[in-house]
Amino acid sequence: MSSENEQNGIKTQSIPITINRKKLQVPPGETILNAAKGAEIDIPTLCHNSALSPYGACRICLVEIIEGGKPGLVAACHYKAREGLVIETDTPAVRKTRRMMMELLLARNPESQTLKDLAKQLEVSESRIRRNEHDDCILCGLCVRMCRERMGQNVLSFAFRGDKRTVSPAFDRTSPVCIGCGACEFICPTNAIFPKDICQKPLVPILSDFEAGLGKRPVVNILYPQAVPNVPTIDKERCLHLTSDACGICETVCQAEAISFNQKAEMRELDVGAVILCPGFEVFDAAIRSEYGFGIYDNVVTSRQFERILSASGPSQGEIIRPSDGKQPKKIAFISCVGSRDQTCGNLYCSSVCCMYSTKEALIAKEHQSDIEPTIFYMDMRAFGKGFERYFEGARDRHGIRYERCLASRVMERQRTKNLLIRYRNEAGRFLEEEFDLVVLAVGITPSPQAKSMAKMFGVELNAHGFCRKVSFSPTETTAPGIFVSGAFGDPKDIPETVIEASAAAAQASELLASKRGTLTTEKTYPDENPFMVEEPRVGVFVCRCGRNIGGVVDVPAVVEYVRDLPHVVFADESLYTCSQDALEKIKSDIQTHNLTRVVVASCTPTTHASLFRDTIREAGLNPYLFEMASIREHVSWVHMNQPQEATKKAKHVVTMAVSKASLLQPIRINSFDINKDGLVLGAGLAGMTSALSLAEQGFNVHLVEKTENLGGHLAHIRFAIDGKDPGEYLNSLVKGVEENERITVYSGTDVKEVSGYLGNYKSLLKKSDEENDIEIRHGIIILATGAKEYQPREYLYGQNNMVMTQTELEESLSRDGGAGLRDVVMIQCVGSRDEEHSYCSRICCSQAVKNALKIKELNPEANVTVLYRDIRTYGTKEEYYLKARKSGVLFVRYEPENKPVVTETGGRLQVEVRDLVLGKNVRFAPDCVVLSTGIYGDNEHLSQLLKLPLTEDGFFMEAHAKIRPLDFTAEGVFLAGLAHSPRTMEEAVAQAKGAAIRAVTILSKDRILAKAEIPVVNAKWCSGCGNCIAACPYDARKINPETETADVIEVLCQACGACSVACHSGVSEQKGFEKRKIMAQIDSALTE
Amino acid sequence: MEFEPKIIAFVCNWCTYAAADLAGTSRIQYPPNIRLIRLMCSSAVDPIYIMKSILNGADGVLIGGCHPGDCHYQNGNYKARRRVTILKSILTSIGVPEERIWLRWISASEGKKFADTVTDMVGRLREMGPSPFKSMWEI
């Protein structure tokens, strides 16, 4: 009795068959296996693969024909359905024969995990048949079919007969036809086939770029774990289907039908008002410096590779092993400046990051394995970033990392041990050799070729090094108007500077486009929330199969059946992909149909999918927080792949826990707050004025407060710039810009007396020195640009002899009278930096000394300039000026902090004596003038207390996160720029200032600000006002209400960590969404059988 | 049948929950004896949850947070560390050995560490046998 179905307008026949007493309609010619699969009847298979033709070799899929055909056992994978067929898949005969087959298979390869798992499923514990020592292959023919049908190569076939039957290439010789694709190895269930035995050509694995070539990757892969979007891509250069029309398996096996080989690159036209270029950099190719043996010796790796070796998710999962033998290395050498500061390969700049990442990698290596002995070979230790000097000193003095100041000249391999011999010349000029187990090359940053072509396309000029050329004080400006740059394409830089510049570039674009803000956005509208839906918990559970990801391990129908009986569950269903558009629509209609008031989705992880499902139930009129997720993929099916029964049990449990929490969920309404759209900028130096102008350009009114009477700060004392720009002219244009801008109100000679309020709503009292009354202003954000102070030296006869001066004083004198008569100048670096009182580097003094030395040489080429230094820290492209200074005859003499130079005065003549480390002797200078490169120190105690903002050990303000939030404070609404953050160059301060402005605009541009959803609430009736919650809150979001004397939550500041509710000893504070009874309910159901 | 310990894990949203996700996406296999309860921060783990788990018959409790210095909420993990230390001394005094309570720092990139921790913990709890409280309640 066949029936006719109409599908897509074409009439298709279907025939009735019966499997396990279940009546089915299947297309004629369908295999029993596929028919059973469609009806959720599980038939075990081994040699079947949906991408290949059925073969019937393993006989595991045997089923019994009861009626409608010749009674007996047949292989379900290739026996075709015919009308009236009656099949049983689990009769005693079937079970017995399957077990026999399993024993026969096990005899050929008892070690195979696939076979062992299958045997366990069929309840076979061991094989009674003697082990076949001849071959591990079970002759399932998957590889033969794969090679013939999918790869079109026909390299493999069965050879011989009887017990000698085997799979081999023709004549049992490696094949010239084999393309080495590895598909046979991939499909083999018993790991019994090796492409190296088949392919005549050498096999070349595809190396993973992300693993820096240390690991292999397939052609279809997710590029790296953090990829956005986190989906696989097909490497079209290597895909056999796209290059030779073979394979295409991925298209067959993807149940979501997400593979399309027809996708083509599209051209799209975008209408934009500004462009930001951030193409990044390329890592220097270490093979260019062939004397270090990268690519020749196994145990020479790049720092990027070593980073992967150290990574917990790397190729060795965090275990430190060396490539040649997989053993743990003990002595590790880091060689710095590979491809940086290197004239031989044309890279005349410093890569800025290698000193610190070498130190970091050495420290982490030692953390992983304390007996590792790292040595860092370096030229100058450039620990110039915020907090870096402390980090470096800690590594050297406390963690036993050895620093060897030298230039490593070459690396040689010991043939037997594969250890490496480093030949180097130490500072005293002696050549030494030392043996190491592993050598890490600290490779530098180079501009990428793609960036070069991009620059050409946008008409942006590059500098001599190939980085983006900058002409203004704003480091994010290119030579083309409206086109901005950020990151290492500008010049080599570390993470914080990159993040700062990204914000700065965004600020510049925003300044241009302020009038168009929000014109291209549309707001999504939702139906009103159904107020009746909050009352009775009517839980709907949606269990996802995620194709085979969950459904292949967890018995999804059993889970659905199980949850249907749980309290409050009124509806449960499964779907193939719950996140697909049709499944989401179904959730919405099921909410309506079954009047659901709580929704549980059992699928992947809330981290990626909760927002999608929340939005879906909101579209159906439910409050989005009436939703709970059970992770049965990441936490169940993927981690218990070989234990389907246990996985199913756990999945039931995990869903039950979610249901028990869901039935207690209450709607959460998120409060929003008005924002005052004015900004307050504290400090009118370079950073403060830049921030104020940027805010004003972006359309916001600014109160600019300056303590002194004059605008300009330290910028007023900078007479010339190292690259020839004119700071004086820039200062004038800034001051003029600030004074003429209608949106900026300047308060000079003014102190901040009091600041109250919080994000979006501040009130400040200003006190002008010449006025009686305080000025009250209201503002939504604060930018702190209060600067820092120049160290006033007490050493080296400063203040006692007129010819001992600071760099700033020298600069003044050079610009005033050309440094009249200066013939012999000695500069002393690190005065008030890197000493006991100041354990940080002031970052700019080396460049300042080089700048002034060059100026002296420019004014009088005959003058002698000597710089006494500890490390020259002319990072980035400033290195070229250091080189220029050396070439023009400036003498650089290094001193150790233990032997500081001694400045004396005899008969009015200055004399400087210092121990020269190269000569090993004391040398004396008799200069006209001694110039001290004084450091910068923070003087922020008062403001720190006034604004309740934290300071670092070194007295600078502490940002929210040193790397990824360098412009924010943890207190939201306050931002940081300029020297108050740490010592900076002018360009860096400008970038910070603009960056801080756009960070502020992210708040000011909103009409209202939303609080977090899962914030605590306080039952004021029982609150004793003890203040435990205030102490527990890291965000100052808790305070005692003076009227009621109970604790309040400042919702706008709360970050929803939940710490305060735990700290509450009377239990009157509860975090929304994580109330104690919900967690207790979860615990209860987790422990109930 | 071999004793199968039951473990309740209280994990922070940002590090250890993400590590459990990563163990999944990396297909690292571990025993199915653990049930995760997600909280925003390890500082939101009320000691009462741990007590309740033990009293209800859990054989072990795992508290997972970000590494010291890496807390998403600045210092929540330090609060968790203080609380767990105190709680352990209380539990010891009522006959629950402190080896049943594990506090571990597992960052979002340490999927393997998460799986290894669960595997180790299950092994250790198997050696220790069922929690004494399990039988106490079965009157």
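Axes are lines fitted to C-alpha atoms, for helices over the stretch in contact, and angles run from 0 to 180 degrees between N-to-C directions. The structure is a predicted model, in which local features need pLDDT of at least 70, side-chain atom pairs count only at pLDDT 80 or more, and totals for chains, interfaces and linings use all residues. Residues are numbered from 1 along each chain as its sequence is written, and chains are lettered from A and ligands numbered from 1 in the order in which they are written.

Chain A contributes 42 residues to its contact with chain B, which contributes 39 residues; two residues are in contact if their C-beta atoms, placed from the backbone, lie within 7 Å. On the chain A side, the elements giving two or more residues are α17 (633-637), α18 (644-662), α27 (1059-1063) and α28 (1076-1086). Helices are DSSP runs (H or I, at least four residues), as are strands (E, at least two), numbered from the N terminus. The largest share of this side, 7 residues, belongs to α28(A).

The axis of α28(A) comes within 10 Å of that of helix α2 (residues 47-55) of chain B, and the two cross at roughly 25°. The helices α28(A) and α2(B) are therefore roughly parallel to each other, a term for angles under 35 degrees. Here Ile1079(A), Met1080(A) and Ile1083(A) of α28(A) meet Tyr49(B), Lys52(B) and Ser53(B) of α2(B).

Elsewhere in chain A, Lys418(A) lies in the loop between β17 (407-413) and β18 (420-425). Lys418(A) counts as partly exposed because it has 17 C-beta neighbours inside 10 Å, whereas 20 or more would make a residue buried and 12 or fewer exposed.

Notes. Angles under 35 degrees count as roughly parallel, over 145 as roughly antiparallel, 65 to 115 as roughly perpendicular and the rest as oblique.
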